[in-house]
Amino acid sequence: MSDESDSTAPKPMKSHGRLAVRPTVAPRELMTNTPDLMGVWKAKIITLFPEAFPGVLGESLTGKALQEGTWQLEQIHLREFGEGKHRNVDDTPAGGGAGMVLRPDVMGRAIDFAMNGTPPNREDWPLVYLSPRGKRFDQATAKRWSKARGITMICGRFEGVDDRVLFHYGIEEVSLGDFVLTGGEIAAQAMIDATVRLLPGVLGNAESIEDESHSNGLLEHPQFTKPAEWRGMPIPEVLMSGHHGKIAEWRQKMSEKITRERRPDMWAAYEAEKSNK
Ligand code: SAH
């Protein structure tokens, strides 16, 4: 990272119990959310649509955990860093062509603001650009991010961001999948959801992380619940037997069968892993 940014250098944090208090370079209006909780995993989102957050993350288990301060969210409104009276954030693509590109000076100011006071090591605080050109997001990435202290995510719009920004900050590009969205916000929410549910205390006993799809290299076995018979179809007998050993065996077998049939790529990796043990 170079020091030629428009903002001042990060200042040391003063601690007041759980609240992290630090001088900021941006106006009060940018401090949108709840006060900073020391040591609590945090997602900082640079976006033109801060009101799109928490979105679905505000519901159910992730929403409850957000309210309880098990994780935190900070929206950083890109518009506030825009140029001139109209706070312009984009301009036409160099070399011509359709659409608009997010300006590097504007995005640079937002990134400097977001990264101010975060750990310098990217393992502790990844800096990510949501992008269809990125490495595809997966469970391993969610696990890695959940072990960090927080993350900064940049949501693109239009044709995306000026490439120099990605180079200058050494930004990790991550894709939600092989399709093109109109903006990074939905991808950010999907990735934060997958990451936050791995944080201690978010799921509680409500769900098990251990044997769900993608956590052990296999897809999950089928699930059933009451009624015992529905439209002529009974629940597989073994699940009603109360025999834990047999149930575990059946689930493992089904897990393997489904993975073999649906995801030959995962199955091959699973078999290779097994033979290495
Ligand atoms: N012109 C770009 C696409 C821009 S789409 C290209 O062809 O690569 C506008 C924004 O939506 C992007 O900047 C990115 O932040 C977001 N986006 C689109 N598809 C995405 C995907 N599959 N994963 C993550 N973010 C995506």
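**Exercise 1.** What percentage of the 277 residues in the protein chain is buried?

*Solution.* First, know what you're looking at: this is a predicted model, where local features need pLDDT of at least 70, side-chain atom pairs count only at pLDDT 80 or more, and totals for chains, interfaces and linings use all residues. Residues are numbered from 1 along each chain as its sequence is written. Next, the rule: a residue is buried if 20 or more other C-beta atoms (placed from the backbone) lie within 10 Å of its own, exposed if 12 or fewer, and partly exposed in between. Buried residues come to 27%.

**Exercise 2.** Find the residues that Ile46 is in contact with, leaving aside neighbours within four places in sequence.

*Solution.* Start with the largest nonpolar core, meaning buried Ala, Val, Leu, Ile, Met, Phe, Trp, Tyr and Cys residues joined through C-beta atoms within 7 Å. That core has 45 residues, and Ile46 is among those with the most contacts inside it. Helix α2 (residues 104–115; helices are DSSP runs of H or I, at least four residues) gives the most to this core, with 6 residues. Now list the contacts (C-beta atoms, placed from the backbone, within 7 Å): Ile76, Leu78, Ala110, Ile111, Ala114, Met153, Ile154 and Cys155.

**Exercise 3.** Is Phe179 buried or exposed?

*Solution.* Locate Phe179 first: it's in the loop between β9 and α5. Then count: Phe179 has 7 other C-beta atoms within 10 Å, so it is exposed. Try Gly177, in that loop between β9 (172–175) and α5 (185–196): Gly177 has 11 C-beta neighbours inside 10 Å, so Gly177 counts as exposed.

Note on methods:
Helices (H or I, at least four residues) and strands (E, at least two) are DSSP runs, numbered from the N terminus. Two residues are in contact if their C-beta atoms, placed from the backbone, lie within 7 Å.
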